[in-house]
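The following exercises ask the reader to work through the arrangement of helices, strands and domains in one structure. Please attempt each task before reading its solution.

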Amino acid sequence: MTRAMMMNAKDNVAAALERLEGGVPTTVILPSQEVFREVTPEKSIPTGHKLAVKEIRKGDHVVKYGQVIGTATQDIGLGDHVHVHNVMSNRMQMPEVWYREED
Amino acid sequence: MNFLGYERPDGSVGIRNLILVMSAADCSEPVARMIAEGVEGAVAITQHYGCIPGEMVANTLIGVGENPNVAAVLLIGMGCEGMPAHALGKMIKRSGKPVEWISIQELGGTHNAVTKGKQILRDLSEKASGLKRREFDASELIVGVKCGGSDTSSGLAGNPAVGVFVDMLVDAGGSAIMMEPIEAVGAEEPLAARAVNEAVREKIYKMIGNEEKRWSVPGAQMEFMCKGNIEGGLTTIEEKSMGAIHKSGNRTIRDVLENTDRRLEKVPKGGGVYLQDGTHMEPMAMSFMAAAGAHMVIFVTGCGGTFGHAIVPFIKVTGNPDTYRRMSHDMDINAGTILTGEESMESVGKRIFNEVIEVASGKLTLGERLGYDNFSVFRQDPRLEVLLGITK
């Protein structure tokens, strides 16, 4: 089964350790290799990208490494891709030109 | 653990035995290159901010000349520079190592300068090549840590593995420097929590706050995250920072080394983790770390950065198994084994420590074997610092 790694038990996202296919369940593990849960993303997620391992509401903090890494700009469902299209930095915004073609 | 190094007159220990042929400004660089060409161990370097480059550039060049990897220095000046070669030379000479300087104008042009320069270099090289390596304790080592071309693997595997190594090095009495002023935005709290005292805690917040001001100016945001970061899955500067600071390990942060137009602080004796102010841009950051006394730099890259440095050997670590597969002749350490589940973080950290001892003792890094000799220095505009209210 494919795997995604969640760095801290407080996190609401995990990083895909390999490409995750839509509709196929993936195991979310902690750095200790302990299994946190299984999640099935609706759409595919590229290697290294994040998926939600908990429901995230618009305006909620996105948490990775146990630290706030940004704010959700829309509701994000369990297993959804979490990236520049639905998260904003709380500190410095990067130019849209870096990621425009992704959407 | 011991390594084999070269003792310098000021008591520091070098891991390379280079002779720097340093031109004070880029106008005299071709002559420096002509002099250094074909001489084993000679490296020609310069800076590209013209001949009145300001104090920060001068401080960096002096610090690089003083670096223990450098056995001797030959400075090349045109003769009419605002920052003259002899002034740099006199400062570097305080370290007790052989330092000489020549002026192209004084010697009567290119032919004479090259002839005279080659003559001096031959003497310096003869002395330097007679020096022998001997055993020193690992506590003498000062290792810089840097990341660049980061992707998600850097935060999950590459940087934390280097962090394990840093803890081991510091526990053995050695020192580590991290220079990531911008890639600490959003990661202030965990860094400040490791400060040795309140004063250092305040310095950490101040250094990061100042850098945030510099890069929040409209138009500047282009540079603090790159396209590769986003494609690799990094979403915000906070996420990049949290991944980046892992490479400094978990030990106490002893101080923030000042690096301004006024002075460039060196790593003090006694071991421990230091943050150094400067820039996140890699080759320039390495020159700053070299000027602060670093022997070598460990570089963590997800996408696969392939450069090096003229003065400090550069050990490249990737946490991305695919990058390692595609670029194994560039990557010294494969930390991708953490993500594939083949190896623990601790085991990779130990491998890095072993490689550091080997490289300190003379083993060439892959970058050195490929001939990478990048050298560039960073200049902060003192006028901008005043306009932003950072200095008065």
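**Exercise 1: The open sheet**

In chain B, 7 strands form an open sheet with parallel pairing, in the order β10-β11-β9-β8-β12-β13-β14. The model is a predicted one.

Task. Determine which strands of chain B stand at the edges of the sheet, and state how many bridges join β12 to β13.

Solution.
- Step 1. Read the two ends of the strand order, β10-β11-β9-β8-β12-β13-β14 of chain B. The edge strands are β10 (253-257) and β14 (333-334) of chain B; each has a single partner strand, so one side of each is left without a neighbour in the sheet.
- Step 2. Turn to β12 (residues 296-300) and β13 (residues 314-318) of chain B, which run parallel and are joined by 4 bridges. Opposite B:F299 stands B:K316 in β13(B).
- Step 3. Look for a helix on the sheet. Helix α8(B) lies across β10 and β11 (272-276) of chain B, and runs at about 45° to β10(B).

**Exercise 2: Two helix pairs**

Task. Classify the crossing of α6(B) and α10(B) as roughly parallel or oblique, and do likewise for α1(B) and α5(B).

Solution.
- Step 1. Consider helix α6 (residues 152-171) and helix α10 (residues 237-245) of chain B, whose axes come within 8 Å and cross at roughly 15°. Because of this angle, α6(B) is roughly parallel to α10(B); angles under 35 degrees count as such.
- Step 2. Add the handedness and the contact. The crossing of α6(B) and α10(B) is right-handed. From α6(B), the residues B:S154, B:G155 and B:N159 meet B:M242, B:G243 and B:A244 of α10(B). This contact of α6(B) with α10(B) has 2 nonpolar, 4 polar and no charged residues.
- Step 3. Consider helix α1 (residues 29-36) and helix α5 (residues 110-129) of chain B, which pack at an angle of about 45° with their axes 9 Å apart. The angle therefore makes α1(B) oblique to α5(B).
- Step 4. Complete the second pair. The crossing of α1(B) and α5(B) is right-handed. Here B:V31, B:M34 and B:I35 in α1(B) meet residues of α5(B), including B:A113, B:V114 and B:L121. The contact of α1(B) with α5(B) divides into 6 nonpolar, 2 polar and 1 charged residues.

**Exercise 3: Domains and chains**

Task. Identify which element gives the largest share of the side of domain 1 of chain B that touches domain 2 of chain B, and which helix gives the most to the side of chain B that touches chain A.

Solution.
- Step 1. Set out the domains: chain B is divided into domain 1 (18-130) and domain 2 (137-370). Their C-alpha centres lie 29 Å apart.
- Step 2. Examine the contact between the domains. In chain B, 14 residues of domain 1 are in contact with 14 residues of domain 2. On the side of domain 1, β4 (42-45) and α2 (55-66) of chain B each supply at least two residues. The largest share, 6 residues, comes from α2(B). By class, this side of domain 1 has 7 nonpolar, 6 polar and 1 charged residues.
- Step 3. Examine the contact between the chains, where 24 residues of chain B are in contact with 26 residues of chain A. The helices α6, α8 (198-215), α9 (227-231) and α10 of chain B each supply at least two residues of the side that touches chain A. Helix α10(B) gives the most, with 4 residues. The residues of this side of chain B divide into 10 nonpolar, 9 polar and 5 charged.

Terms used
Residues are numbered from 1 along each chain as its sequence is written. Chains are lettered from A and ligands numbered from 1 in the order in which they are written. This is a predicted model: local features need pLDDT of at least 70, side-chain atom pairs count only at pLDDT 80 or more; totals for chains, interfaces and linings use all residues. Axes are lines fitted to C-alpha atoms, for helices over the stretch in contact, and angles run from 0 to 180 degrees between N-to-C directions. Angles under 35 degrees count as roughly parallel, over 145 as roughly antiparallel, 65 to 115 as roughly perpendicular and the rest as oblique. A crossing is left-handed if the near helix is turned anticlockwise from the far one by less than a right angle, and right-handed if clockwise. Two residues are in contact if their C-beta atoms, placed from the backbone, lie within 7 Å. Ala, Val, Leu, Ile, Met, Phe, Trp, Tyr, Cys and Pro count as nonpolar, Asp, Glu, Lys and Arg as charged, and the others, Gly among them, as polar. Two strands pair if DSSP finds at least two bridges between them. Domain bounds come from an automatic or database domain assignment.
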